[in-house]
Amino acid sequence: MKLSLKWIKDYVKIPGDIEVSRIAHDLTMSTVEVEGIYNLGEKFDKMAVGVIDEILPHPNADRLKICRANLGNGETYDIVCGGANLRTGMKAAVSRPGAMVRWHGAGDLVEIKNARVRGVESYGMICSSSEIGLFDLFPFTEEATIVDLSDFEAAAGTPLAEALGLDDVILEIDNRSLTNRPDLWGHYGIAREISALYGLPLSEFEKSAPAVSNRVSYVEVKDGVRCPRYILVKIEGLSVKPSPFEIQSRIWRVGMRPINAIVDITNYVMLAVGQPTHAFDSDNIEGRITVRRARGYEKLLLLNGRELVLSPDDLVIADDEGSVGLAGVMGGAKDSVLPTTDKVILEIANFEPIGIRRTAARHEAHTEAAARYEKGIDPERCDQALSIAMKMFGDFFPDMEVTGFHDNYPVPLKRVEIDVSLEWLSNRLGKRIANEKISDMLARLGFGVKFSPSGDAMHVTAPTWRSTGDVSLPDDIMEEAARMHGYENFEPSPIVTAFSGAINQPETDIDRNIREYLSFRCGMREIFTYPWVNDEYLDAVFQNRDGMLALSTPPSPNERYIRSSLLPNIFKAVSENLRFFDEFAIFESAQVFSDEAYSTPYDPRESLPRQRRSAAGAFVGGEGEIGSIFRKAKGVVEWLPRYTHTEPFSFERHEKPRWAEEAVWLNIVHSGEVIGNLALLSKKSSLSCGIKNSTAMAFELDIDSLKPLPSRTNKYSHLPGYPWTEYDISMVFDESVKWEDILSAAAVRKGPEDLLRGAAFMGEYRGKQVAEGKKSITLRLLIGSLKKTLTSEEIESCANTIIKRLKKTVGGELRN
């Protein structure tokens, strides 16, 4: 959320010795996080108002003119310009050399320099609104239209920011820090906090109803729970025209676009006090306004052109013919303000937050109004909005007339009351704060405080703007006292504790060990994804949705399910990263969920969905790199138990994963149970995930099935005292013979006197020198003795024994 410091100062007079940096720091420490401070005027540095004294033709170009511009203090410069609306005496925006603009409103910022244009020296640049970022304030339809500032009371040479009132400071607030503070969604709410922080007086709004002779009810509220308050004002004698520039400027400065006077009033009120309002074109409303639930399959065309099929859970604003607006979210196209609008129905209402949140999520209509309503605005704020709106209508349209008014507020909001023990408060705060100071701090925030006769407790009454769920417990009062006292003013004290022994949690450490192994030793990149999954990637991995949990209010219609596997989001990350990298390896370690009841160990009566820890990853490379990617992936998974200190597992083939290629897949097995998979992503699944022209090898492992090894089982082995020899042999086998069978046959040891110490795979060859249906495998034998240095004859004898064994056991033949 963006806030204008000038606007805030309308409500609280901030002394000049309180710098904006201090305001940002104090707000961050006590109230909301200020992410940035931006001096808006710096955008318009070296830009000024120039008066065009004379326009001369360009000697070498018919469409260009030489403008003699007066920039004050006797400075007159010739500027070559092709503006379509240039005239003598016109005030224009002139960028001096050194200013930063966008050529024709597009591309990156460029620095203005003196230049020679078609043979004529030109100083700076006379600008259009799009070139200096002011198109929303000075829109144009004809190309090459120059900003006309003739209506502004600004002398030649006046800095542009000063002339337009843009010499302002913008505070950018992190919206996440406002989630539980609906009272702060507007300039007035932040002004109230600044007033409390520095003990400054705050401007108040007068509560008054508009003068009207006709008080006939035009509103029927059928759901008072979903709509606690609804104010309707019928106003005539209006017209669609631009609002005053200062109003347009304020709206633009905080990130919105001015439209016209009527719409700008509604947006201005929302930005000022955080209360959304809406204006209906009265001519398009048939009969009376009704606030009701939508009928099943009722349709509504919104202002933005989207047609919705409504749910009975949606609250709508309707007339006698049907729905005309989605309550608290967006108005309908039927009732929108048109160029011919001359009378409106102004709506200032309060809606229940949960219903608005569900409706906005259901229809993916996350508007500025919905963002405020779903936080829980207090109904009393409608009075502030009414006061501002009616004053603005009166100022903009002096001949306007209020022809109808209705305020439906049957059950006024009850202020929250809380009893707080002062001893409890002191214990929680860690220090004693005087009663008078506590009372003063809370009073500045709008709380009422009464102390008990004994002075050991206080009765606190929250203001209406904090009584919508924000404040409800003694702990909330403690928080208010702590932040107003200043968190930095609490003296730190050490935590006293005693450790009776070392805490070893090997089951918990497995997850961190896996992360460190995959990232540090294997060079993989860790990713973090949302727990919900896109249907597109679910379909690529799973055959159905059996055993998966669905969200009641999903973030989007195609992200309804919670992950039961990490692979769909892994494949999504692969698809997105292939736009930037050709080769990479990623992994994620997180919880997965299944629709299976699980009793918690803390309370057997509480049942939750089963959650298990899982690790998954993918290795990605070119299409012709299947072999190298497979070996790399298998090696990473194969060595994982050794480096994470868990019991070893094996690779077997029992059941092919649905997403895997037919030939390249392995099940990961521990204690006879499949606990994961390692496989090549099939062509079909790759295309479904948007993975093209690449190879992806993926694995997933159930972390909870791994068993940590106690450290006492580690064994020490002496380094060999005599040299061992590496001996390579190449043998030809049938295609059907597996490496697993070759290794088990070669590595059989007959006893301690056997000289074979190990065997390893070195390479595989198929080609002209090998017969059809055969493959050549190169093994590396490790031969040595613990008692002596072997002779060449003894080494050859051991190797020949292995060759004979392989020939007899798996039909191998020594390759010539």
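## Lining of the largest cavity

In this predicted model, two helices each contribute at least two residues to the lining of the largest cavity: helix 10, spanning 422–429, and helix 11, spanning 435–444. Helix 10 makes the greatest contribution, with 4 residues.

The residues that line the largest cavity are L422, L425, S426, L429, K431, R432, I433, N435 and I438. Sorted by class, the lining comprises 5 nonpolar, 2 polar and 2 charged residues.

## Number and volume of cavities

How many cavities of 30 Å³ or more does a search of the whole structure find? The search finds 1 such cavity. The space inside the largest cavity amounts to about 30 Å³.

## An open antiparallel sheet

Elsewhere in the chain numbering, attention turns to a sheet. Its 4 strands follow the order 37-38-36-39, and the sheet is open with antiparallel pairing. Strand 37 (756–765) and strand 39 (813–814) are the edge strands, each pairing on one side only.

In general, the strands of a sheet pair through backbone hydrogen bonds, in either a parallel or an antiparallel manner. Here, strand 37 pairs with strand 38 (residues 774–783) in the antiparallel sense, over 8 bridges. As an example of a bridge, G763 has T778 in strand 38 as its partner.

## A helix across the sheet

Which strands does helix 19 lie across? Helix 19, made up of residues 739–746, lies across strand 36 (725–734), strand 37 and strand 38. Relative to strand 38, helix 19 runs at about 35°.

Definitions and conventions
Residues are numbered from 1 along each chain as its sequence is written. This is a predicted model: local features need pLDDT of at least 70, side-chain atom pairs count only at pLDDT 80 or more; totals for chains, interfaces and linings use all residues. Side-chain values use heavy atoms; hydrogens and water are left out. On a 1 Å grid over the protein atoms alone, a cavity is a set of points where a 1.4 Å probe fits but cannot get out, and a pocket is an open set with protein on both sides within 12 Å along at least five of seven lines; lining residues have an atom within 4 Å of a point. Grid points are joined across faces, edges and corners, and a volume is the space filled by probe spheres set on the points. Ala, Val, Leu, Ile, Met, Phe, Trp, Tyr, Cys and Pro count as nonpolar, Asp, Glu, Lys and Arg as charged, and the others, Gly among them, as polar. Two strands pair if DSSP finds at least two bridges between them. Contact means heavy atoms within 4.5 Å. Axes are lines fitted to C-alpha atoms, for helices over the stretch in contact, and angles run from 0 to 180 degrees between N-to-C directions.
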